[in-house]
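Thank you for asking me to look over this entry. My remarks are set out below as numbered points, for a reader who is coming to the structure without earlier acquaintance.

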Amino acid sequence: MAPLIEIKGLTKKYRIGREVITALDNVSVDIEPGEFVCLLGPSGSGKTTFLHLVAGLDRPTRGDVFVKGLCINKIREKDMALFRRRFMAFIFQSYNLVPTLSALENVSMPLMFDGMAKNRRNRRAKDLLTQIGLGKRLRNKPSEMSGGQQQRVSIARALINDPKVLYADEPTGNLDSRTTKEIMDILVERVKEKGVTLVMVTHNANLTEHADRVIYMLDGRIQKIVDQRNNTEEVFFSEEDEIEESEMRKEDAKNAYGEGAPGEAKAIVTAEAAEAAEAVEATISAEAGSGSTTGADSECTDTDRHPGEGAGGEAAPEDGQTAAGA
Ligand code: ADP
Ligand code: MG
């Protein structure tokens, strides 16, 4: 089967002060239509960065992402919002529902951007929420629902448009273990039923059970890929090989932030803030066709497309502090 998504040599570097952090280091992998791919790795291993780049929410320093053979780095800014809306959906750890809207309104909103009449979109949203076990919570605001219920709403919101791909970043990260199982079961059932491709990021090895393939990430690289359908694995490097390099990178991070300032924690807060902003952008401003974080007019090549990588002020530390403090 032809891959749905081809990821080639994907690299992302962030500059922090004078240090350059390689969040993603030359990652290549194909994703097939209808697959459930799990990206498993410890905090800081580059999972969120991978997801954002593959979804076109952020630009790679190097490398390309092709969706059905189309290089998404080539898509113009104003077409990108439409492409995202038609093709993909997101689920985040922190749900990212619009707090002032009811469950029904949150779920039906993506259909509004497609110009569907109110009656029709409300009926569809109600049906989906009912299937997902929230038929009695249609009028509730997010603050009136449990974490598990909110995440169900966000699953319904993600699926209402029949996306081809669903990207999920630690979708059960805020939930207890019982609710985690419930949410995972619902998620897997819904995506399998609809034939949606699911790319899910997690640091929890217990959640990979239903995945077709598990991609193990370590320090921005793919360590191995396990195909759970036929019990085969492809190993790219061993953990021992990585230890030395990992220690060096930790030193780099420490130097970049100075003593007593855990750089990684700060940067991850930044990434979370960016996620939240992007989710709201994807949900609310899609209509305006603006607000994307991807750059316009970028070209796909296998050579250095963005000269001076990491030096272009990607996520400067000042931004991080602002976002973290907001
Ligand atoms: P994960 O999702 O696996 O926890 P991330 O993709 O968020 O990992 O981060 C990978 C690495 O990139 C980490 O070292 C992190 O500190 C760094 N990083 C992520 N986002 C930024 C950013 N906006 N600015 C600087 N460094 C970042
Ligand atoms: Mg993450």
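1. A word on pairing is needed before the strands are discussed: two strands are said to pair if DSSP finds at least two bridges between them. In general terms, the strands of a sheet pair through backbone hydrogen bonds, either parallel or antiparallel. With that in hand, strand S6 and strand S7 (residues 165-169) can be described as joined by five bridges and running parallel, with Met 88 standing opposite Val 165 in S7.

2. The model is a predicted one, and every remark here should be read in that light. The chain holds nine helices and 11 strands, and of its 326 residues 40% count as buried. If one takes the contacts between residues at least 6 apart in sequence, 73% of them join residues at least 24 apart.

3. Seven of the strands form an open sheet with mixed pairing, and their order across the sheet is S6-S7-S8-S3-S9-S10-S11. Its edge strands are S6 and strand S11 (232-235), each of which pairs on one side only. From one strand to the next, the twist of this sheet averages 15 degrees.

4. At the S11 edge, the partner is strand S10 (residues 221-227), and S10 and S11 pair in the antiparallel sense over four bridges. Within this pairing, Asp 227 has Thr 232 in S11 as its bridge partner.

5. The other edge strand deserves a separate comment: is S6 enclosed or open to its surroundings? Five of the five residues of S6 (residues 88-92) are buried, so this strand is largely enclosed by the rest of the structure. Both of its faces are covered, with Met 88, Phe 90 and Phe 92 buried on one side and Ala 89 and Ile 91 buried on the other. A reader should therefore keep two descriptions of S6 together, since it pairs on one side only and is nevertheless largely enclosed.

6. A helix also lies against this sheet. Helix H1 (residues 47-54) lies across strand S3 (36-40), S7, strand S8 (197-202) and strand S9 (213-218), and it runs at about 155 degrees to S8.

7. A second open sheet has four strands in the order S2-S1-S4-S5, with antiparallel pairing. Strand S2 (19-31) and strand S5 (70-71) are its edge strands, each pairing on one side only. Further in, strand S1 (residues 5-16) and strand S4 (residues 62-67) pair in the antiparallel sense over five bridges, and Lys 8 stands opposite Asp 64 in S4.

8. The helix packing is best read pair by pair, given that two packed helices are described by the angle between their axes and the distance between the axes. For helix H3 (residues 103-113) and helix H4 (residues 118-131), the axes come within 8 Å and cross at roughly 125 degrees, and the two helices are therefore oblique to each other. Their crossing is right-handed. The residues that meet include Leu 104, Val 107 and Leu 111 in H3 and Ala 125, Leu 128 and Leu 129 in H4. By class, this contact has eight nonpolar, two polar and three charged residues.

9. H3 also packs against helix H5 (residues 147-159), where the axes come within 7 Å and cross at roughly 25 degrees. H3 and H5 are therefore roughly parallel to each other, and their crossing is right-handed. Ala 103, Asn 106, Val 107 and Pro 110 in H3 meet Val 153, Ala 156 and Arg 157 in H5, a contact that by class has five nonpolar, one polar and one charged residues. Ala 103 and Val 107 of H3 thus appear in the contact with H4 and again in the contact with H5.

10. H5 in turn packs with helix H6 (residues 177-194) at an angle of about 10 degrees, with the axes 10 Å apart. These helices are therefore roughly parallel to each other, and H5 passes H6 in a right-handed crossing. Among the residues that meet are Gly 147, Gly 148, Ile 155 and Leu 159 in H5 and Ile 183, Ile 186, Leu 187 and Lys 194 in H6. By class, the contact has five nonpolar, four polar and four charged residues.

Terms used
Residues numbered from 1 in each chain as written. Chains lettered and ligands numbered in written order. Predicted model: local features only at pLDDT ≥ 70, side-chain atom pairs only at ≥ 80, totals over all residues. Axes fitted to C-alpha atoms, helices over the stretch in contact; angles between N-to-C directions. Parallel < 35°, antiparallel > 145°, perpendicular 65-115°, else oblique. Left-handed = near helix turned anticlockwise from the far one by under 90°. Contact = placed C-beta atoms within 7 Å. Nonpolar A, V, L, I, M, F, W, Y, C, P; charged D, E, K, R; others polar. Buried ≥ 20, exposed ≤ 12 C-beta atoms within 10 Å, placed from the backbone.
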